[in-house]
Amino acid sequence: MGAPLSAWPWEYLGSYKYLLFGPLIWKALYSIMYEDVLPMQSWCLHVLIICALRGLIYQLWTSYSNMLFLTRNRRIIKQGVDFKQIDAEWHWDNFIILQGLIASMACYLVPYLQDLPVWNPKGLITCMVLHVGVSEPLYYWVHRRFHANDFYQNYHSLHHSSSVPQPLTAGNATFLEDLILTVIIGIPILGSTLMGFGSIGIIYGYFSVFDFLRGLGYSNVEVISHQLFEKIPFLKYLLYTPTYHTLHHTGKGSNFCLFMPLFDALGNTQNQKSWELHKEMSLKAGINGNVPDFVFLAHVVDLTSQMHVPFVFRSFASNPFSFRLFQVPFYPSGILVCLAMWAWAKTFLITFYNLRGRLHQTWAVPRYGFQYFLPFALDGINNQIEQAIIRADKLGVKVISLAALNKNEALNGGGTLFVNKHADLRVRVVHGNTLTAAVILNEIPKNCQEVFLTGATSKLGRAIALYLCRRKVRVLMLTLSTERFQKVQKEAPAEFQSYLVQVTKYQAARNCKTWIVGKWITPREQRWAPSGAHFHQFVVPPIFHFRRDCTYGDLAAMRLPDDVEGLGSCEYTMDRGVVHACHAGGVVHFLEGWTHHEVGAIDVDRIDLVWDAALKHGLKPVSSSKVHSL
């Protein structure tokens, strides 16, 4: 059992906690619709709007702090926010609910609060005086008490369990802490109101400024220039900075103030490195920071998944992508973003993680999946990819791995175009398909004697067919092009060529229980598979799970090693800690220190070598089917 008032009363409700706003919503609607109350006169509506506005402020700060393409060189703590921290902060908005409910009770018990004027300038002065004279020193004193042994262990340690400050970290606290914070916030508002100077504008303004400054301090991004404090020295006592507050989270024994370092100076608890470190961070803002060793070059999949990034909704991105209803209202703005990216954007940084002391980043080409099938857009896409490779080369990146359609054979020959054009590249360009083939092949049961293969003459299809025929597995290669089939067949050793069989219709596989899908197939085409068949696949997007009497494999993927650090977002539909096989292939290429480019056709002789290297470095297969080694 925890300490008194450490747990939240609605903890058991989970996400249903928002139902606590139900009575307020009902009261607001009822008073407006049936009591002829104007919206501006509905105190319930004001409470709801203020709660929503407060949540929006923290969300905007979170979005900004996670826009690594803007903030990467301003980040104070360089490590990433991992899944553990995101889960711990999942219910960060509990304090907004608490304060909304208390505000509602205050309005109900004190009718005077329901009839405040829109604005009273005298209230601004009294609110500021009460904040500086009461709220700031009270918070400072209480905060120091919460760092005492018992209070810290029972209450405040939860807040400091977050290793990287984020705006949402501000809400990661116990019930008792936020009850006290409610009093601290309420003093200036209630005080000015009881003095007769309260107004709706003051309430909106105070909450907005309070949350803005709180989000600033927790942002982990230094946005305030040191020159401001050099020109106005006394400002150091009136306004903290993200660096200042981050020092409190890393050291825990200094910088206790709410927003004003004056009280740390008076209490002799100011970290002596505060302003020196702030200046250092400010000066480094325009300088490139850590250079990644490995880059995974992805692209946007579609309009539905474009929100699946940490700088839009961190919690959404921390779980495998699936369509959610809340996305629908954002579609119009998503279309505008798509057009804007097409017109002006360049390749940008999305996420990063660290593996064995090395920085791995994911960059995104600002193009959507459908654009790769527009003939007039291909040159522009190749130019974006080429510029990203050149940039990586100049930075000193060791390996850049091309994702999905960025390595399309028809687009750039699986990366061959760039390697041939820039013969002096130091960065190794990798398509990662060798490991993709290895993952698929190691999913196939050891006793398998026949497979049906669609996309049979593609880069991956070719490699899979040649590998399997060498192991005396009969491969039914679905293709209408006899020329392309024969080209693949001739690459096989003469004694194994008979294991490759051209078929032109799905009916040919009606008795084959192992389907390897490299080209999208419809539910109607899936009907030809016999009951009990298993669909392995390397097609994007994945095929529909239509047959209940059959099983479906996941896209080829591998789990990153256990010692990965700072990983807090999922790669499209992959589970936490799992990446597409082509991403993993690039990681293996880097870890092994291989100096060749992996572009163009897959070297079948290297499939087992790459697979063994992946397992050696701690990557694990994650297919839902049992893994067998052929």
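Two strands pair if DSSP finds at least two bridges between them. Keep that rule at hand for the first stop. Helices (H or I, at least four residues) and strands (E, at least two) are DSSP runs, numbered from the N terminus.

This is a predicted model, where local features need pLDDT of at least 70, side-chain atom pairs count only at pLDDT 80 or more, and totals for chains, interfaces and linings use all residues. Residues are numbered from 1 along each chain as its sequence is written, and side-chain values use heavy atoms, with hydrogens and water left out.

**The whole view**

Show everything. The protein has 24 helices and 15 strands. Its C-alpha atoms fill a box of roughly 95 × 60 × 55 Å along the principal axes. Of the 630 residues, 54% count as buried. Buried means under 20% relative accessible area, exposed over 50%, and partly exposed in between (1.4 Å probe, protein chains only).

**Stop 1: strand E9**

Select residues 514-517, which make up strand E9. Thr 514 and Ile 516 point one way, Trp 515 and Val 517 the other, and all are buried. Now add strand E6, residues 450-454. E6 and E9 pair in the parallel sense over 3 bridges. Which residue of E9 is the bridge partner of Thr 454? Pick Val 517. Next add strand E10, residues 534-537. E10 runs parallel to E9, and 4 bridges join them. Here Trp 515 has Phe 535 of E10 as its bridge partner.

**Stop 2: aromatic pairs**

Rings of Phe, Tyr and Trp (its six-membered ring) pair if their centres lie within 6.5 Å; planes under 30 degrees apart count as stacked, over 60 as edge-to-face and the rest as tilted. The whole structure has 33 aromatic pairs. Select Tyr 58 and Trp 92. This pair is tilted, at 5.8 Å centre to centre with 55° between the planes. Tyr 58 lies in helix H2 and Trp 92 in the loop between helix H4 (83-88) and helix H5 (94-109), so the pair ties together parts that are 34 residues apart in sequence. Both residues are buried.

Move to Phe 69 and Phe 311. Their rings are edge-to-face: 5.4 Å centre to centre, 85° between the planes. Phe 69 is in helix H3 (residues 68-71), and Phe 311 is in the loop between strand E1 (294-300) and helix H14 (314-317), so parts 242 residues apart in sequence are tied together. Phe 69 is partly exposed at 29% relative accessible area, whereas Phe 311 is buried at 15%.

Then select Phe 313, Phe 316, Phe 321, Phe 326, Phe 330 and Tyr 572. Ring pairs link these residues into a cluster.

**Stop 3: salt bridges**

A salt bridge is a side-chain nitrogen of Lys or Arg within 4 Å of a carboxyl oxygen of Asp or Glu. The structure holds 19 of them. Start with Glu 491 and Arg 462, which meet at 2.8 Å, N to O. Glu 491 is in helix H21 (residues 482-491) and Arg 462 in helix H20 (residues 459-470), 29 residues apart. Glu 491 is partly exposed at 38% relative accessibility; Arg 462 is buried at 13%.

Next, select Asp 562 and Lys 620. Their closest N and O atoms are 3.1 Å apart. Asp 562 lies in the loop between strand E12 (557-559) and strand E13 (564-565), and Lys 620 in strand E15 (residues 620-621), so the salt bridge ties together parts 58 residues apart in sequence. Asp 562 is exposed at 66% relative accessibility.

Finish here with Asp 293, Arg 358 and Lys 398, which are linked in a network of salt bridges.

**Stop 4: cysteines**

A disulfide is a pair of cysteine sulfur atoms within 2.5 Å. How many disulfides does this rule give? The count is 0. Select Cys 127: the nearest cysteine sulfur, in Cys 107, is 15 Å away. Cys 127 is buried at 5% relative accessibility. Why is Cys 582 without a bond? Its sulfur is 16 Å from the closest cysteine sulfur, in Cys 570, which is too far.

**Stop 5: two loop residues**

Select Asp 36, in the loop between helix H1 (22-34) and helix H2 (43-65). Asp 36 is not a glycine, yet has a positive phi of about 55°. It is exposed, at 68% relative accessible area. Compare Asn 220, in the loop between helix H9 (200-217) and helix H10 (226-231). Its phi is also positive, near 65°. Asn 220 is buried, at 0% relative accessibility.
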